[in-house]
Amino acid sequence: MAAGGRASGRPAKKKGPAKGTGGQVRRSLEGRGATPPAEMRHWYKDKARSERIAREDRGDGRRSGPARPQRRSEDAPEYIGGRNPVLEALLAGVPANALYVAQRIDNDDRVRDSIKTAAERGIALLEVSRDKLDRLTEGAVHQGIALQIPAYEYAHPSELVALAEDAAEVPLIVALDSVTDPRNLGAIARSATAFGAHGLLIPSRRSAGVTGGAWKTSAGTLANLRVGRASNLTAALREYREAGLFVIGLDGSGDTDIADVELLSEPLVVVVGSEGKGLSRLVREHCDVVARIPMQAAAESLNAGVAAGVALYEVARHRRL
C-alpha cells in the first residue's frame, strides 16, 4: 500500500502555506527601518580612504574630480634634470641642496663627475627610484639624475643698475615682456651673460621665472647673472628712464633696424617681447626706440632667445667701436 502518514505509524505533518506565499510574503514586506547614512555603512571607510589617497596622489586635497595643475609655491625648490645640465650646473657653482641619482643607473663620466663635484661641494647625495625622479622633475627627461636647487632670490630692479655702477661700466639690462617659456628665459640669460649684460628683469606676473627649465637652458650662466623682478614692468622702465637709461624695444614692426640705433653705446635697457605678440602696448609706449631685426620675408619672426642674442651682439659690437 502506498506510504503516507498512516503507513509510517506517525501522524501526518500539517501542510503549511507554500514557500513564497501567504504569511511568509507578509513578513518579507515588513519595514527594516530608515536607510542608514553613507558613513554608517560597512564600505564607507574603505571608500573614503581610497578617495583620500587618490587626492593626495594628485596633490588636490579638496575634491575627487579630475586633477588640475597645481601652482608651484614661490619658495618651493626647483629641479634640474639631465646629465649634461646637472654637471654644467654643478661646475658653474649653481646653489644646490641635493643630488638625486636613480637606483641601478648606468654610470658614465658625467654621472661620476657630478657625484664627485657634489661631494666636494658638500651637497647631499640621495639614491631614489626612477618613479620618484619622474615626479620631482614633473615628467621631464632626467636621464636618471637630477639636482635640487633652492628657490631663486630675485633682486630689486634698482640693484641691476648698481651692479653696473660698482663695475664702473655703462649699464646694460635686458627686460622681458610676456616671455612665458622658461627655456626662452634661460636662452636669453645665456646671451645676456655672453654679451656683458648686468642683469635680467622680469615682471612678477605673466612671465617665466627662474625655474629648473630656465637653469637647464642657461647652461649654468644664471649663476653669474642677477635676475630682478618688478611688480609692474612699465613702472620699472619709467624709473630706469628717470635714472638716465634709454629703453629700446625689440619688435618686428619697429621702424628702425637694430644696427642703426644711435643709442647702443648709452646706458641701456633692451626689452624683448614674446614671440608672435611682440611688445605689449604699455611697454611700447615707455620705449625711446622700437627697433626691428631685418630678416628675409620667409621668416615672420624670431624666437625670443634668438632675437635677444642678435640685439645684444649689436650692442656689444657698437660698444667696442
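1. Seven strands make up an open sheet with parallel pairing, in the order S7-S6-S5-S10-S8-S11-S9. The edges are taken by strand S7 (227–230) and strand S9 (256–257); each has a single partner strand, so one side of each is left without a neighbour in the sheet. The model is a predicted one, and the points below should be read with that in mind.

2. Within this sheet, S8 and S10 run parallel and are joined by five bridges. Ile248 has Val270 in S10 as its bridge partner. S8 also pairs in the parallel sense with strand S11 (residues 289–292), over three bridges; here Gly249 has Val290 in S11 as its bridge partner. Four of the five residues of S8 are buried, so this strand is largely enclosed by the rest of the structure.

3. At the S9 edge, two bridges join S9 to S11, and the two strands run parallel. One residue pair to look at is Thr256 with its bridge partner in S11, Ala291.

4. Several helices should be viewed against the seven-stranded sheet. Helix H6 (residues 157–166) lies across S5, S6 and S7, and runs at about 170 degrees to S6. H9 lies across S5, S6, S7, S8 and S10, at about 160 degrees to S5. The buried residues of helix H9 (residues 233–242) are Leu233, Thr234, Ala235, Ala236, Leu237 and Tyr240. After H9 comes Gly244, with a positive phi near 105 degrees.

5. Helix H11 (residues 304–320) has 17 residues and reaches 24 Å from its first C-alpha to its last, close to the 24 Å expected at 1.5 Å a residue. Its buried residues are Ala304, Gly305, Ala307, Ala308, Gly309, Ala311, Leu312, Glu314, Val315, Ala316 and His318. An α-helix has 3.6 residues a turn, so residues three or four places apart point the same way. The cover over the buried residues of H11 includes strand S5 (172–177), helix H7 (182–194), strand S8 (246–250) and strand S10 (268–273).

6. What caps the N-terminal end of H11? The cap is Asn303, with a side-chain oxygen 2.7 Å from the backbone nitrogen of Gly305. Asn184, placed in helix H7, belongs in the same discussion. Leaving aside residues up to four places away in sequence, Asn184 touches Val179, Asn303, Ala304 and Gly305. Is Asn184 buried or exposed? Asn184 counts as buried because its relative accessibility is 13%, and the cut-off for buried is under 20%.

7. Two residues other than glycine deserve a check of their backbone. Ser178 has a positive phi of about 65 degrees and is found in the loop between S5 and H7. With a relative accessibility of 30%, Ser178 counts as partly exposed. Arg206 has a positive phi as well, near 50 degrees. The location of Arg206 is the loop between strand S6 (199–203) and helix H8 (212–218), and at 64% relative accessibility Arg206 counts as exposed.

8. There is also an open sheet of four strands, in the order S1-S4-S2-S3, and its pairing is mixed. Strand S1 (78–81) and strand S3 (124–128) stand at its edges with a single partner strand each, so one side of each is left without a neighbour in the sheet. From one strand to the next, the twist averages 25 degrees. S1 pairs with strand S4 (residues 145–149) in the antiparallel sense over four bridges, and Ile80 stands opposite Leu147 in S4.

9. Helix H3 (residues 83–91) packs on the four-stranded sheet and touches S1, strand S2 (98–102) and S4; the direction of H3 makes about 40 degrees with that of S4. Helix H4 (residues 109–120) lies across S2, S3 and S4, running at about 150 degrees to S2.

10. Some totals complete the picture. The protein has 11 helices and 11 strands, and 40% of its 321 residues count as buried. Among contacts with a separation of 6 or more, 79% are between residues 24 or more positions apart. The accessible surface comes to about 19300 Å², with 49% of it belonging to carbon and sulfur atoms.

Key
Residues are numbered from 1 along each chain as its sequence is written. This is a predicted model: local features need pLDDT of at least 70, side-chain atom pairs count only at pLDDT 80 or more; totals for chains, interfaces and linings use all residues. Side-chain values use heavy atoms; hydrogens and water are left out. The expected span of a helix is 1.5 Å times one less than its number of residues. Buried means under 20% relative accessible area, exposed over 50%, partly exposed in between (1.4 Å probe, protein chains only). Contact means heavy atoms within 4.5 Å. A polar contact is a pair of N or O atoms within 3.5 Å; within protein, one must be able to donate a hydrogen and the other to accept it, and residues adjacent in sequence count only if both atoms are side-chain atoms. Two strands pair if DSSP finds at least two bridges between them. Axes are lines fitted to C-alpha atoms, for helices over the stretch in contact, and angles run from 0 to 180 degrees between N-to-C directions. Accessible areas come from the Shrake-Rupley method with a 1.4 Å probe; for residues, only the protein chains shown count as cover.
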